[in-house]
Amino acid sequence: MIFLGFTDPEKDAEIVRYCADHVIRKVVLFSPEKYRFPCSFPEHEHIEWSEIIKYVFYYRLLQEIDGATLLVINECLRTQNRHELTYNCLRLFLNQTPHKLIFQYLPIIDTWDDFAILFDLDTQSRWKREKIGADRLGESIIRITQVSLDLHAVPVDAGAKTKAAYAREKTKLLAEVRGDPAKDPHNIPRNLYLMSGKAKLGCIDPGAHYIGRNNRFKLSNLQTYKESSYPRAPYTVFEFCHNFLDFSDFLALSRQTQLDVLVADLKVDQWYFERYMAWSRRLRDAYMTLGRVP
Amino acid sequence: MRLVQSYAAKKTVLEAARDRIAFVFDHYESIIVSVSGGKDSTVLAHLALVEAHRRGRRIGIYFLDEEVVYQSTIDQVEYLMTLYPENTIPLWLQLEFHLTNATSSTEGQLIAWEAGKHKLWMRPKRKGSIQHPPWDREKQTVRDKNKGFGFYDVIENFERCYTGTAFLVGLRAVESPNRWRAMVKNPIGVGERRIYWGTQKGANVALYPLYDWNYFDIWRYLYEERVKYSRIYDLMFKKGYPITEMRVSSFIHERSFKSIVDLPEFEPKTYERLLKRIKGIALAQETGKAAKLFRVSKLPKNFRSWIAYRDFLLKTHPDPERRPIFEKRFARHLQNEYVARQQCRQLILNDYENNLPVDNKPDPRDELIRYYDEVL
């Protein structure tokens, strides 16, 4: 069974309910550290995402997991590679018990194909090699609390000085990337995006909270995308991260769905905003596909 | 005669394959099944042997032994050869022929079953195997004289020993569009029917009764019919191999050398023998999946560009006979980093035969940089 968008207490309630309805001796919860939640079932064990592949856990779990073990796969959509070794280890654990609950906040990282990873985990990987469409989704029970993401642009004037510096930096970055084949072209937008930071500083409200790539400006009211909790929601997006996974983590941990985004009048800011708008549309389309489950 | 391909909608692929095999038995006196020890040829050989047993006929089970293969492959072929001995004509070929060795530049070829090196062979030759060419040596053909008498030369010369024979091959269309095209592009007429799962091969025909099977059909058949399969698949599954990489073939050619990385874990004794048999094995075992070496996906830090790395590899290539082959080929290619990386791969893997062709097109990285230049 796949549960999308559930809160920690709701997840725990589902586990308790499942254990009451089935003969369960032990619950094993696989989860990244920052998503760990208290489990009310007395006999339980937490396994951190990065430890799943370690022999010390892997072989022991292969021996221990049996038909009376409930496996909880919590927020384990961590990479888009459907054949990732950690997923393969989970597949082998899942082959040893019919009892499994899969919790995930958002159904995708970037594209619809990501959902196939969750689907594989819930269906003994029977369709591991195929693309998953709405017609196949009936093979799995999916319960959804939909997340409707709303991004609202707050315009920021960058000023002539920043714009001139931006043009210089762009020329420099392009020359560097063209001259060195080891340099990643994706560094061009990543680095240019940092240029608008100073312009956005003027718009910072000391009473509000912000989310940004790093705290290079030493702001006490700004958190980065790498943190394990976001207790001061609502946050305004000071700048987007480049990876959608980091942004998904932020949304899952903060539970924020309405976001103001500072968008400077530099082309890179517009580009990032459009990129995330397109991402939010893909997310909405994924929910629409899930809604068509036969 | 039908002009278009058609499928029987209410048949399973197993029923269709059984029908096809029965059809082959009805129309051909002489039938030979090519086996490799892999899962597909195991299913095909089993289906054909069951039919031969039912009809009291004898069919050839043909295995070209490349010497440097898993012991499990040998065990599997042995199993198939002895499954229905009264219906089997064993055609186990252990002849001297050349194989490309992608793991070493200094010993670029292995001569399988080389005379005088029997102490180094992976295992002794099998009793009852075909150890001398059964064809007329004077009429023997060789595709590429630079390479010498190779794998496909053995197959072609061996097939020419027969006429009017049906060679059954376990190819499946879903494995790649090229395979599908190779199987169906030249349909043949057999009796009243037009066969889309076969091609004419000189005086013989090659037939592909499993051409529409998917991988799960194969596994389901093996499970339901309780047919033994190579244990390497189980080991690969436990190790987390993707289905597309679960392959059982020779260890040393350009597409399969990665299997050496896990060989010490899967078959330590086979690995020990392979180390003694040919150069490059220890390096391939350690670095077969390394980005800066055999995968050729990361540029070594000593070089500023793939073009510089390619030029270095070409300049220092240890084989003076092969170097001009690469130089001539590369002269026809575009000069960009994308192409140069693939050329480095050919050089590292000693692919003078061009089995891993270069995708000769403008560099996608340049396209990306141009895109960022425009939008940012």
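**Entry 1: a term and two cysteines.** I note first that a residue is called buried when its relative accessible area is under 20%. The model I am reading is predicted. I looked up Cys241(A) and found a relative accessible area of 5%; because this value is under 20%, Cys241(A) counts as buried. I then looked up Cys344(B), which is also buried, at 0% relative accessibility.

**Entry 2: disulfides.** I recalled that a disulfide is a covalent bond between the sulfur atoms of two cysteines. I searched the whole structure for such bonds and found zero over all chains.

**Entry 3: chain A as a whole.** I recorded nine helices and eleven strands in chain A. The chain has 294 residues, of which 54% count as buried. Its accessible surface comes to about 13,000 Å², and 53% of that belongs to carbon and sulfur atoms. I also looked at contacts between residues at least 6 apart in the sequence of chain A: 68% of them join residues at least 24 apart.

**Entry 4: helix 8 of chain A.** Why is helix 8 of chain A described as largely enclosed by the rest of the structure? I checked residues 244–254 and found that eleven of the eleven are buried, so the description follows. Among them are Phe244(A), Asp246(A), Phe250(A) and Ser254(A).

Which elements do the buried residues of this helix pack against? I found strand 8 (209–212), strand 10 (235–237), strand 11 (258–264) and helix 9 (267–291), each in chain A.

Finally, I looked just past the end of helix 8, where Arg255(A) takes a positive phi of about 60 degrees.

Notes:
Residues numbered from 1 in each chain as written. Chains lettered and ligands numbered in written order. Predicted model: local features only at pLDDT ≥ 70, side-chain atom pairs only at ≥ 80, totals over all residues. Heavy atoms only, no water. Helix = DSSP H or I, 4+ residues; strand = E, 2+ residues; numbered from the N terminus. Buried < 20%, exposed > 50% of the residue type's maximum accessible area, 1.4 Å probe, protein only. Contact = heavy atoms within 4.5 Å. Areas by Shrake-Rupley, 256 points an atom, 1.4 Å probe, with all protein chains shown as cover. Disulfide = S-S within 2.5 Å.
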